[in-house]
Amino acid sequence: PAEDHPLEAWDKVMNLNVRGYFLLSQYIGKHDMIGRRQGSIINIASIAGLGGNPKGMNMIAYNTSKGAVINFTRALAAEWGAHNIRVNAICPGFFPSKLTAATLAKMGDSLASHAPLNRLGDDEDLKGLCVLLASDAGKHITGQWMAVDGGVSIITGG
């Protein structure tokens, strides 16, 4: 719960999910993309960054950090568009991973049944969007986020 969340845990998540994207983008921008006047950065946010915690899921630092990634994406896209650098974010829903293993073990079938597509994400579900955003097929897309969540965010208002 937010009232008991340790500051050290907050800092760890914010450093990884926000500061990490900033440092990597700054480095690659400064040492490659700005000079070449081209590039595409694809940040991984989460549908957790689109709203609050679902009932029973206390993830204040994670959700806040992923919301910050979405806004970081938009701000950097506005700033670096002049250098022909596109910056976008993908917001996955629940996918099986080390991070989601405990939640999926407890709520997996329930989470899948809340999605209009009635399933969780799998290894194939992010590839097409990544290809679009990284290639010339997406050369006029910047500052955007796209949920890849089986439709969960249309129900939750994300």
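**Group meeting: cysteines and the sheet**

Let's start with cysteine 91, which is buried, because its relative accessibility is 0%. Keep in mind that this is a predicted model.

So what about cysteine 130? Cysteine 130 comes out as partly exposed, at 28% relative accessible area.

Now, how many disulfides do we get? The count is zero. For that count, a pair of cysteine sulfurs has to be within 2.5 Å. The closest cysteine sulfur to that of cysteine 91 belongs to cysteine 130, and it's 12 Å away, so that's too far for a bond. Go from the other end and cysteine 130 has cysteine 91 as its closest partner by sulfur, again at 12 Å, so no bond from there either.

OK, on to the sheet. It's an open one, built from three strands in the order 1-2-3, with parallel pairing. Which strands sit at the edges? Those are strand 1, residues 39-44, and strand 3, residues 145-148, and each of them pairs on one side only. From one strand to the next, the twist averages 25 degrees.

Let me zoom in on strands 1 and 2. Strand 2 covers residues 85-92, and six bridges join it to strand 1, with the two running parallel. If you want a spot to look at on screen, find asparagine 43: across from it, in strand 2, is alanine 89.

Last thing, the helix. What does helix 4 lie across? Helix 4, residues 127-134, lies across strand 1, strand 2 and strand 3. Its direction makes an angle of about 170 degrees with strand 2.

That's what I have for today.

Notes
Residues are numbered from 1 along each chain as its sequence is written. This is a predicted model: local features need pLDDT of at least 70, side-chain atom pairs count only at pLDDT 80 or more; totals for chains, interfaces and linings use all residues. Side-chain values use heavy atoms; hydrogens and water are left out. Buried means under 20% relative accessible area, exposed over 50%, partly exposed in between (1.4 Å probe, protein chains only). Two strands pair if DSSP finds at least two bridges between them. Helices (H or I, at least four residues) and strands (E, at least two) are DSSP runs, numbered from the N terminus. Axes are lines fitted to C-alpha atoms, for helices over the stretch in contact, and angles run from 0 to 180 degrees between N-to-C directions. Contact means heavy atoms within 4.5 Å.
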